[in-house]
Amino acid sequence: MIDRVLVGKYVRQSMLLWASCALALFAFAWVRVWVVGMIDMGQFQSVLDLFKDFERFAPIEFSALATHTGRVGMTFDEPIVILCTVIWCVSRGSDVVSGELGRGTLEMVLSQPISRIRLMLSHALVSVIGLALLCLLLWLGIGIGVQLSTVKETLPPQTVTIPWIEVEVPLGGGQPVVETLPMYQRVDVGDFAASVFNLFTFGFFLLGLATMFSSLDRYRWRTIGAVMAIYIVQLVLLGLGKAAEPLNWLQKVTFFSCYKPQPLLALVTDGDRWAPWSLTTSMPDAVMPPLMYPLILLAGGAAFYAVALWRFHTRDLPAPL
C-alpha cells in the first residue's frame with residue numbers, strides 16, 4: 001500500500017529537517033547528561049529544598065530528582081526535546097495534503113497511477129519512522145553520555161566505633177569524603193525505555209493531528225496555525241491546572257496529561273522494570289495503569305490518521321492557484 005518512489009521523494013524532502021532535529025536531540029542529550037554528572041548530589045538536594053513550594057509545577061516529585069536517574073530522566077521534559085519533536089511532527093503532518101496543494105504538486109502526483117491512500121500512507125511511513133529514529137537518537141545520546149560521564153558523591157565522614165563504650169570517633173578530621181564514580185554505576189540506560197516510548201507516542205499524536213488538519217484545508221500556513229493554536233491552548237490549560245488547586249481538573253482535559261515520562265521512570269526506579277508496561281499496576285496520582293497513557297496517545301494519533309484518510313479520499317481537490 002506504499003509507493004517506493006514517493007517514499008524516496010519524501011525522504012529527500014525531509015532529510016535536512018530530520019538531520020537538524022536529530023543532531024540537536026543527540027547532542028543535547030549527551031551534553032545534558034554530562035552536566036548532570038558535574039553537579040554534586042548533596043548540593044543539589046539543598047537547592048531542591050529551597051524550591052519546595054514550586055514542586056507542583058514540576059512533572060515529578062523533587063524527591064525523585066535526588067537520584068541520578070531522576071535527574072537524567074528530566075531530559076524528556078526539556079523544552080528543546082519537546083520543541084524538536086513538535087517541529088518534526090507538525091511540519092511533516094502539515095505537508096501531506098495542504099503542503100502539496102500549496103506547492104501545486106498534488107495534481108501532478110495524483111495524475112500518475114497512484115491512489116490517494118498510497119500517497120498518504122507513504123507520507124505516514126516516512127514521518128513515523130523519522131519520529132522513531134529521533135526518539136532512538138535521543139536515547140542513544142543519553143546512553144553515550146552515561147557511559148562517558150562521571151558523578152561526584154559526597155559521603156559522610158568515616159568513623160570508627162570504640163569497643164565497650166560504643167562511641168563513634170570521626171576519622172580524617174571529620175571531613176566529608178567526595179567520591180568520583182562512573183555514571184553507569186548509578187544509572188541504567190535501559191530504565192528509560194518507557195520514557196522513550198512515551199515521547200514517541202506523544203509525537204505520533206501530534207503527527208496524526210497535523211495530518212488531519214492538512215487533509216481538511218488547502219493552505220499549509222492555516223494547517224500549522226490551527227495545530228499550534230490547539231497545542232498552545234492545551235499548554236495553557238495544563239499550566240493553569242498546576243498553578244491553582246481548584247483548577248486541577250483542567251489537567252485531565254489536555255493531551256499533555258498522557259505524557260508522563262518521569263512518572264513512568266519513577267516506577268522503574270522503584271525496582272520493577274516492567275511496571276511501566278503493565279495494564280494492572282497502579283501509578284501514584286493517576287487514575288489508570290501506566291501503559292494506558294501512551295496507548296491513549298497512540299489511539300488518538302491513529303484516529304486522526306483515519307479521519308485524514310477518509311477526508312482525503314472523499315474530498316474534491318481545488319485547482320492549483
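At what angle do the axes of helix 4 and helix 6 cross? Let's find out on a short tour.

This is a predicted model, where local features need pLDDT of at least 70, side-chain atom pairs count only at pLDDT 80 or more, and totals for chains, interfaces and linings use all residues. Residues are numbered from 1 along each chain as its sequence is written, and side-chain values use heavy atoms, with hydrogens and water left out.

**Stop 1: a helix pair.** Select residues 79-103 (helix 4) and 116-148 (helix 6): their axes come within 11 Å and cross at roughly 170 degrees. Helices here are DSSP runs of H or I with at least four residues, numbered from the N terminus. Axes are lines fitted to C-alpha atoms over the stretch in contact, with angles from 0 to 180 degrees between N-to-C directions. That crossing makes helix 4 roughly antiparallel to helix 6 (an angle over 145 degrees). Now show the side chains: among the residues in contact (heavy atoms within 4.5 Å) are W88 and R92 in helix 4, and H123 and L131 in helix 6.

**Stop 2: an enclosed helix.** Next, select residues 261-269, helix 9. Seven of its nine residues are buried (under 20% relative accessible area, 1.4 Å probe, protein chains only), so helix 9 is largely enclosed by the rest of the structure. The buried ones include P261, L264 and V268. Add helix 3 (68-73) and helix 7 (193-216) to see what the buried residues of helix 9 pack against.

**Stop 3: W34.** Finally, select W34, which is in helix 1. W34 is partly exposed, with a relative accessible area of 47% (partly exposed lies between 20% and 50%).

Technical notes: Helix = DSSP H or I, 4+ residues; strand = E, 2+ residues; numbered from the N terminus. Parallel < 35°, antiparallel > 145°, perpendicular 65-115°, else oblique.
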